[in-house]
Amino acid sequence: MSTPIGPTDSSLVPRFAGPATFARLPRTDEVAKTDIAVVGIPFDSGVSYRPGARFGPAAIREASRLLRPYNPGLDVSPFAEVQVADGGDIAVNPFAIKEAIATVEASASELLSQGTRLVTLGGDHTIALPLLRAVHRVHGPVALLHFDAHLDTWDTYFGAPYTHGTPFRRAVEEGILDTEALTHVGIRGPLYGKKDLEDDRRFGFGIVTAADVMRRGVDEIADMVRQRIGNRPLYVSVDIDVLDPAHAPGTGTPEAGGLTSRELLELLRGLASCNLVGADVVEVSPAYDHAQITATAAAHVAYDLVSLLALTAKKDR
Ligand SMILES: [Mn+2]
């Protein structure tokens, strides 16, 4: 394999100059073959409260200018060891949710069929469903580790089945998840009723609340999650509202009492031995952000997800 083309050298071109691709990486059309693509999906027509996540990909890319090539938390230089590139945005119809979902599924499937692994920047959480469909086509039913304040296993809003609060219920119904290995982390806040939890348990989900992370600590939770996942193909979906509003104010449905960005990053690093096959970071809504707090957190989360995928890609080689 040829040497990967890395980010623009910040000793030659300052970080604040030039267009913002993710981590100042080359675009996919500038490299021969992409092992890992960071792709944006600027779609927020599935939100139930504050909109604006359509601007998430651009904000995360802008905040990612400061990322550096070596990840000491995972002892990997992802951009040097495999070819990582920015795949641009999947352009989806903002006026037709079903069509948007079909576009995401088709675009993601095409990239996966070329052997490219995906870290997707949302966009609202609706996009997780077509991304999981695409991953299922390659890997069969996958384990899901879902970081979120919310369950996202509700049935409908205003009769609408495809929204940012329903992707994982649809995914279970479609049989594309491995129901032996489904975990939410960071759940908190009021629900519509106790039935929300009963339904969620019936679908096979285990719940690690935000309070569990605080009481039991990151290492114990990571151990528990790893045991549940085993060596199954794993998809990680990170709703940035898993973080406390102090760490991620720029999001559509904030809930008090969340994780710190330090806890989230350390939980992700606990997945180094897992067989990660895809990931997303969703629900960054920059209009509600201050001082790039949320976009910076999301950029670092995406960087650790790229690093984890780089570890998987190296093992597969
Ligand atoms: Mn969500």
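How many positive and negative side chains does the protein have, and how far apart do the centres of the two sets lie? In this predicted model, 30 side chains are positive and 40 are negative, and the centres of the two sets lie 2 Å apart.

The overall fold is considered next. The protein has 10 helices and eight strands. Its radius of gyration is 18 Å, close to the value of 20 Å that the globule rule gives for 317 residues, so the protein is as compact as a globular protein of that length. Taken along the principal axes, the box filled by the C-alpha atoms is roughly 55 × 40 × 35 Å. Of the 317 residues, 57% are buried. Among the contacts with a separation of 6 or more, 78% are between residues 24 or more positions apart. The accessible surface comes to about 13,000 Å², and carbon and sulfur atoms account for 54% of this area.

The model contains a manganese ion, coordinated by ND1 of His125 and by OD atoms of Asp148, Asp152 and Asp239. The coordination distances are 2.1 to 2.3 Å. Along the chain, the donors follow the spacing H-x22-D-x3-D-x86-D. Asp148 and Asp152 are both buried.

Two of these donor residues, His125 and Asp152, are also touched by His164. His164 is found in the loop between β4, residues 142-147, and α5, residues 167-173. The relative accessibility of His164 is 6%, under the 20% limit, and the residue therefore counts as buried. When residues up to four places away in sequence are not counted, the contacts of His164 include Gly46, Val47 and Ser48, as well as Asp124 and Thr126. Thr253 and Glu283 are also among the residues that His164 touches.

Another buried position is Ala298, which is found in helix α10, spanning residues 293-316. Ala298 has a relative accessible area of 0% and is therefore buried. With residues up to four places away in sequence not counted, Ala298 touches Ile60, Ile240, Val281 and Val284. Leu271 is 27 residues from Ala298 in sequence, and the C-alpha atoms of the two residues are 18 Å apart in space.

Several features of the backbone geometry were also examined. Most peptide bonds are trans, and most residues other than glycine have a negative phi. A cis peptide bond, with omega of about 15°, joins Gly122 and Gly123. Gly123 lies in the loop between β3, residues 117-122, and α4, residues 128-139.

A positive phi is found at Ala23, where the angle is about 55° although the residue is not a glycine. Ala23 belongs to the segment before β1, the strand of residues 36-41. Its relative accessibility is 3%, so Ala23 counts as buried. Phe158 has a phi near 50°, likewise a positive value in a residue other than glycine. Phe158 lies in the loop between β4 and α5, where His164 is also found. Is each of these two loop residues buried or exposed? At 92% relative accessibility, Phe158 counts as exposed, whereas His164, at 6%, counts as buried.

Methods. Residues numbered from 1 in each chain as written. Predicted model: local features only at pLDDT ≥ 70, side-chain atom pairs only at ≥ 80, totals over all residues. Heavy atoms only, no water. Helix = DSSP H or I, 4+ residues; strand = E, 2+ residues; numbered from the N terminus. Buried < 20%, exposed > 50% of the residue type's maximum accessible area, 1.4 Å probe, protein only. Contact = heavy atoms within 4.5 Å. Donors = N, O, S within 2.8 Å, 3.2 Å for Na, K, Ca; no water. Rg over C-alpha atoms; globule rule 2.2 N^0.38 Å. Areas by Shrake-Rupley, 256 points an atom, 1.4 Å probe, with all protein chains shown as cover. Lys, Arg positive; Asp, Glu negative; His and termini not counted. Charge placed at Lys NZ, Arg CZ, Asp CG, Glu CD.
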